[in-house]
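Dear colleague,

I am handing over the structure below, together with some notes on what turned up when I went through it. Please read them with the model open beside you.

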Amino acid sequence: MRRIPALETERLLLRPVTEQDLLSIHAILGDAAVMYAWEHGFTEEETRQWIKNRLSGYERDGFSHFAVMLKGTDDLIGLVGPLKEVLDGRTCIGLGWLLRRDRWKQGYAFEAAEAALRYSFEVLGAKTVIADIRPENTASIRLAEKLGMKAQYTVIKHYRGKEMPHTVYAVNNQKTD
């Protein structure tokens, strides 16, 4: 398996996801309030598949979501990070974030997403990083904008037999512009 580095911020440690994180990750992905953009909480089997997909991303692409830990604890509070996405036939590095509900509105999502964005530019060499967000997900839109992302275009994703519009937000690496 490829070696995926851990990232540190003032309050957080971002490390690769492992299969041993199943219960902690399911506490996030299984929460319908956290997963409202998907319109359902994940089953335990869907969470297992999500973890498997992250592990495959580490092997195939060299990156994927990080588990977000409170520094100095075993408390997994979120899932943040880059992932390879194909939108409208374009391959790009996307940034995603999910935070356990009891950790909302404490600045953790921004702190972790900012570290993952920096990693995407400085380590992965991304010229542009995107986030595809449902238009009604105002909290994620605010976070994307705080990261310097701007709305670019709309894509339709198909999930569970439903068309779901997403606005694609993007930010360019200032060092390569």
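Helix H1 passes helix H2 in a right-handed crossing, and I begin there, with the reminder that the model is predicted. The residues that make this contact are Leu22, Ile25, His26 and Leu29 on the H1 side, together with Glu44, Thr47, Arg48, Trp50 and Ile51 on the H2 side. By character, the residues of the contact divide into five nonpolar, two polar and two charged. Two packed helices are described by the angle between their axes and the distance between the axes. For H1 (residues 22-29) and H2 (residues 44-61), the axes come within 9 Å and cross at roughly 115°, which makes H1 roughly perpendicular to H2.

Two residues of helix H2 deserve a closer look. Thr47, which has its place in H2, counts as buried because its relative accessibility is 0%, below the 20% limit. Setting aside residues up to four places away in sequence, Thr47 touches Leu22, Ile25, His26, Leu29 and Phe42. Its C-alpha atom is separated by 17 Å from that of Arg101, a residue 54 residues apart from Thr47 along the chain. Glu46, also found in helix H2, has 25% relative accessibility and so counts as partly exposed. With residues up to four places away again left out, Glu46 touches His40, Gly41 and Arg160. Glu46 and His26 are 20 residues apart in sequence, and their C-alpha atoms are 8.9 Å apart in space.

The loop between H1 and H2 holds Asp31, which is buried, with a relative accessible area of 14%. Not counting residues up to four places away in sequence, Asp31 touches His26, Gly41 and Arg101. Glu39 lies in the loop between H1 and H2 as well, and it is partly exposed, with a relative accessible area of 43%.

The backbone of Glu39 is also worth checking. Most residues other than glycine have a negative phi, yet phi of Glu39 is near 70°, a positive value. Lys105, likewise not a glycine, has a positive phi of about 60°. Lys105 has its place in the loop between strand E5 (90-99) and H3, and it is exposed, with a relative accessible area of 83%.

Turning to the interior, the largest nonpolar core has 51 residues, and the members that touch the most other members are Leu29, Leu95 and Trp97. Helix H3 (residues 108-122) gives the most to this core, contributing nine residues. Leu29 also belongs to the H1 side of the helix contact described above. For Leu95, leaving aside its neighbours within four places in sequence, the contacts are Gly81, Pro82, Ala113, Ala116, Leu117, Val129, Ile130, Ala131, Leu147 and Met149. There is also a second, separate core of six residues, which includes Leu87, Ile130, Val155 and Val168. Ile130 thus appears in two places in these notes, as a contact of Leu95 and as a member of the second core.

If you would like a place to start, what does Thr47 touch beyond its neighbours in sequence? The residues to display are Leu22, Ile25, His26, Leu29 and Phe42, and from Leu29 you can go on to the largest nonpolar core, where Leu29 is among the residues that touch the most other members.

With best wishes

Conventions
Residues numbered from 1 in each chain as written. Predicted model: local features only at pLDDT ≥ 70, side-chain atom pairs only at ≥ 80, totals over all residues. Heavy atoms only, no water. Core = buried A, V, L, I, M, F, W, Y, C linked by side-chain atoms within 4.5 Å. Buried < 20%, exposed > 50% of the residue type's maximum accessible area, 1.4 Å probe, protein only. Helix = DSSP H or I, 4+ residues; strand = E, 2+ residues; numbered from the N terminus. Contact = heavy atoms within 4.5 Å. Axes fitted to C-alpha atoms, helices over the stretch in contact; angles between N-to-C directions. Parallel < 35°, antiparallel > 145°, perpendicular 65-115°, else oblique. Left-handed = near helix turned anticlockwise from the far one by under 90°. Nonpolar A, V, L, I, M, F, W, Y, C, P; charged D, E, K, R; others polar.
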